[in-house]
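I opened this entry to look up how the parts of the model are divided and where they touch. My notes follow in the order in which I checked things.

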Amino acid sequence: MKTDTLIIGGGLMGCSTALQLAKRGARCVILDKDSPGRHASGVNAGGLRRLNRHPAEIPLSVASAEMWHDIESLVDNDCDTRFPGQIRVAENREDMQKLQERAAMVRDLGYAHEEIIEREALYQLVPALTPDCEGALICRDDGYGRPFHALNAFRRKACSLGVECHSATRVDQIDRARKEWRVITPKGEYRAPVLVNCAGAWAGPIAATLGEPVPLKAGAPMLMISERLPRFIEPVIGAASRKLSFKQMQNGTLLIGGAHMAELDFKQQLTEMNWAKLAVSARTVLALFPQLKDARIVRTWAGIEAFMPDHLPVISRSSTSAHAYHAFGFSAHGFQMSPVVGKILSQLILDDQTNLPIEPFDIRRFQKDR
Amino acid sequence: MSTAGPKAHYSLVIIGAGPAGLAAAAAAAGHGLDIALLDEQRAPGGQIYRAIESIPAERARLLGSEYRRGEDLVGAIRNSDVEYFPDTQIWSLNREREIGLVHGRSAAMISADQVVLAGGAIERPVPYPGWTLPGVMNAGAGQILLKAQGIVPANGVVLAGSGALLLLLAWQYMRAGVQIKALLDCTPMHNHLRALPYLPRALLARHYLLKGLQYKLDLKRAGISTLQNVSDMQADGEQRVESVSYRHRGRQHTIKTDLLLTHFGVIPHIQLSQAAGCRHYWDKSQQCWRPQVDEWGNSSVNGILIAGDGVGIGGARTAEHAGRLTALEAVRALGRVSQHERDRLARNDRKWMREEQHIRPFLEAFFHLPGKLLAAPADDTVVCRCEEVTAGAIRKAISEGHDDSNQVKFLTRCGMGPCQGRQCAESVTHIVAGATGKSLPEVGLFRVRPPITPLTLEQLGSLFPDETE
Ligand SMILES: Cc1cc2nc3c(=O)[nH]c(=O)nc-3n(C[C@H](O)[C@H](O)[C@H](O)COP(=O)(O)OP(=O)(O)OC[C@H]3O[C@@H](n4cnc5c(N)ncnc54)[C@H](O)[C@@H]3O)c2cc1C
């Protein structure tokens, strides 16, 4: 079949891009080898965090936050978003020093969303926290959403504007002839003048096919969730010198992450929990919230995500082919960025420019090193 | 036996101390192996021989002569070098044969060279209107109360459903003097026809049939008649069940009762074999998922064997034989007997397994549940008890394009509660298949997200104390 734009990958990046293109009247087709949201986009921790972003990501993350705060007008659904703030706790003086330096750096870049709070303010916001913490870095209107719901809202809205979303359609081969991309899948051939690579952890081979290999590594961060507990905490909690992301979800369950990795059989798309690392994660939670010792963990899982060596995504025109674009490698923090990434790609495709600074995410950064 | 927990490693770990696990442990004992037998109950015996060591003689007599078999099975383990650990929940198992467990209150991760899964079956959850009301329970739960505590319903009981256990419980209750207000058999009449072709072969194993007929006869003599071909059964009540209504011979009936026990057959409990990554398939005849095993119980994962009702429903006697076969195979794999010796020791058990094949097709056809019961709960019927998800919510998710079990789970939270989908996995598969026209294997089962049983943060945090960030 033929369309204007072929998008490989029906995760958030693919769906968000399709939505923005469709809003401006372009036709597109999303191809996914599995089902929508089967991978990172459907199973992530849902954190909407500007706090502690790499400086290069701040402008995009800030723009994306604005879109999340008004997400209903984009996708007709609030994606179950809440904005009670995200907090990075300093457990000692050293931590506090580190956070103060960070806050100063962000201020110097001209942003005001990250602030230091002292002890008292911290315990007002998080009375359940273990005593003796020093203070924290806070981003007051950061928050979280429910990823699978968000993914579906994006996809449904895109489809209502004419986007077609084909599941169980793996792209096996790509070539270009007569100003058109031709993509071959087990379900048949697709053609379009424009091609977008939003293939998440599987984006590497596609980039390589286009002649621009990238050092992408697939990894599978683990999450665990507890039974429902009475509400005892509002903001999302991290720590200055520990691997932790911790929040009480809308329904009272605790979602605990910390970027610990599962064993991954990439070929089979199978993950196996690393209980030693989850034990560390449990100890981290108990160090900050000892009263949770009897909270019961009911589920653990891991999602397959694309990691780049510098932990920055690739959001870029192809350097080798006209009319090909990439957005992948979000290194476990792409959920928050997804609305703005769709916007940026649609601008690149339709206007050949964007108002956001994307040079740091150029795919050529890996070619220079070689 | 042991108050300390299990050691870090065993050559053989057997999970489940019902007939299959007990027989496996007994067969593997005496070969100089390091063996642990783990079970979540307080005492050995499994569901069928529950409380066998502690039951008063009078109550044991009520339960019938079959129950007594458990004494020898348990005795053999008590007098062996097998380390038996009761009160042990298994929350994880992987293909490296690492076993996550909680013994008493403490969590541990142990490993084994060979693992025999003998976790048995669970009662098939079938959602119907009112099944979540207090006062509505599985027949199995009724049996547990009877065996373990001698508790019987004081105000009488309505028994309903389909399957051998229903009849057995009715018989046991009758002997215990319980008032049986009604025995509603939801097995469709045409199953008699469906089963007929298998009858001649079944007669080769007629002890089963005779026992069933005997139970029926005894019940009849006691004035308890079975209503056949009952349909549209539902429980009604405000705070708890007050009455049961159903259709029989084209008419609607209602009985007052404060207790309804139902049973719709049993299915293998496959969460551990699933967690370990063993291959499973849909068995049309047994209407359930089963792990794939060879005649020795070897699963598709090296070193993990499965025996008893966890493989497919065969009953207690068959489970014993299957347990012994897996044990002999594990002992062979560990180099303690030759293949020749294994075959010699297994002769009697293999003969039993072959003969067992005579009766199963008949029973399976006879108790085949109608698709309507499995796949068509009304929209307002709750399917997932933990998260209170209705059949209607599941159908809505399907109509929005979520056409496999896992997508439905993601969207509706169905199966995300503490029971890990044990109560709703099958129903979801049926409903999705029914609504999409896909086959059950295409729709698939929930992916397992361990822990299989909940684990506290303190228990998890106590593991791997040397590991750091
Ligand atoms: C456990 C976990 C927790 C996370 N927590 C957060 C968080 O709290 N906050 C945050 O901002 N981010 C978080 N992230 C990161 C975020 O989920 C991802 O960055 C983001 O979802 C990436 O979206 P994507 O569309 O690029 O990738 P994906 O969702 O993986 O989508 C890529 C899709 O491409 C398809 N595909 C691949 N190859 C092909 C092919 N050849 N043909 C057809 N289809 C193909 C795949 O099937 C897949 O569906 C987390 C990630 C994980 C794994």
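Entry 1, domains of chain B. I began with the domain assignment, which splits chain B into domain 1 (9–123 + 267–337), domain 2 (136–264) and domain 3 (371–443). I kept in mind that this is a predicted model. Taken over C-alpha atoms, the centres of domain 1 of chain B and domain 2 of chain B are 29 Å apart.

Entry 2, domain 1 against domain 2 in chain B. I listed the contacts and found 15 residues of domain 1 of chain B touching 19 residues of domain 2 of chain B. The area buried between domain 1 of chain B and domain 2 of chain B comes to about 1200 Å², and carbon and sulfur atoms give 52% of that. I then asked which three residues supply the most of what domain 1 of chain B buries against domain 2 of chain B. They are L62(B), L63(B) and E123(B), with 49% of that side's area.

Next I looked for charged pairs. I noted one salt bridge between domain 1 of chain B and domain 2 of chain B. K211(B) and E66(B) form a salt bridge, with 3.6 Å between their closest N and O atoms. The count of residue pairs in polar contact between domain 1 of chain B and domain 2 of chain B is eight, with both residues at pLDDT 80 or more. On the side of domain 1 of chain B that touches domain 2 of chain B, α2 (57–63) and α3 (65–78) of chain B each supply at least two residues. The most, four residues, comes from α2(B). By class I sorted the residues of this side into six nonpolar, four polar and five charged.

Entry 3, strands in chain B. I traced an open sheet of five strands in chain B, in the order β8-β15-β9-β10-β11, with parallel pairing. The edges are β8 (136–138) and β11 (226–227) of chain B; each has a single partner strand, so one side of each has no neighbour in the sheet. I followed β8(B) to its pairing with β15 (residues 260–263) of chain B, which is parallel and runs over three bridges. Within that pairing, V136(B) has L260(B) of β15(B) as its bridge partner.

I also looked at β12 (residues 231–236) and β13 (residues 243–248) of chain B, which pair in the antiparallel sense over four bridges. A hairpin of six residues joins β12(B) to β13(B). Opposite D236(B) I found S243(B) in β13(B).

Entry 4, domains of chain A. The assignment gives chain A domain 1 (5–64 + 147–217 + 310–366) and domain 2 (86–140 + 221–302). I read a distance of 29 Å between the C-alpha centres of domain 1 of chain A and domain 2 of chain A. Here 21 residues of domain 1 of chain A contact 20 residues of domain 2 of chain A, and the area buried between domain 1 of chain A and domain 2 of chain A is about 1700 Å², 62% of it from carbon and sulfur atoms. On the side of domain 1 of chain A, the residues that lose the most area to domain 2 of chain A are A45(A), L51(A) and N52(A), together 36% of what that side buries.

How many salt bridges are there between domain 1 of chain A and domain 2 of chain A? I counted zero. Seven residue pairs are in polar contact across the interface of domain 1 of chain A and domain 2 of chain A, both residues at pLDDT 80 or more.

Entry 5, chain B against chain A. I turned to the interface between the chains, where 35 residues of chain B are in contact with 44 residues of chain A. The area buried between chain B and chain A is about 3400 Å², with 56% from carbon and sulfur atoms. I counted four salt bridges between chain B and chain A. R228(A) forms a salt bridge with E387(B), with the closest N and O atoms 2.3 Å apart. There are 20 residue pairs in polar contact between chain B and chain A, both residues at pLDDT 80 or more.

I closed with the strands: β20 (residues 296–302) of chain A pairs with β22(B) in the antiparallel sense over two bridges. In that pairing R296(A) stands opposite T456(B) in β22(B).

Notes
Residues are numbered from 1 along each chain as its sequence is written. Chains are lettered from A and ligands numbered from 1 in the order in which they are written. This is a predicted model: local features need pLDDT of at least 70, side-chain atom pairs count only at pLDDT 80 or more; totals for chains, interfaces and linings use all residues. Side-chain values use heavy atoms; hydrogens and water are left out. Domain bounds come from an automatic or database domain assignment. Contact means heavy atoms within 4.5 Å. Buried area is the accessible area (1.4 Å probe) that two parts lose on being put together, summed over both. A salt bridge is a side-chain nitrogen of Lys or Arg within 4 Å of a carboxyl oxygen of Asp or Glu. A polar contact is a pair of N or O atoms within 3.5 Å; within protein, one must be able to donate a hydrogen and the other to accept it, and residues adjacent in sequence count only if both atoms are side-chain atoms. Two strands pair if DSSP finds at least two bridges between them. Ala, Val, Leu, Ile, Met, Phe, Trp, Tyr, Cys and Pro count as nonpolar, Asp, Glu, Lys and Arg as charged, and the others, Gly among them, as polar.
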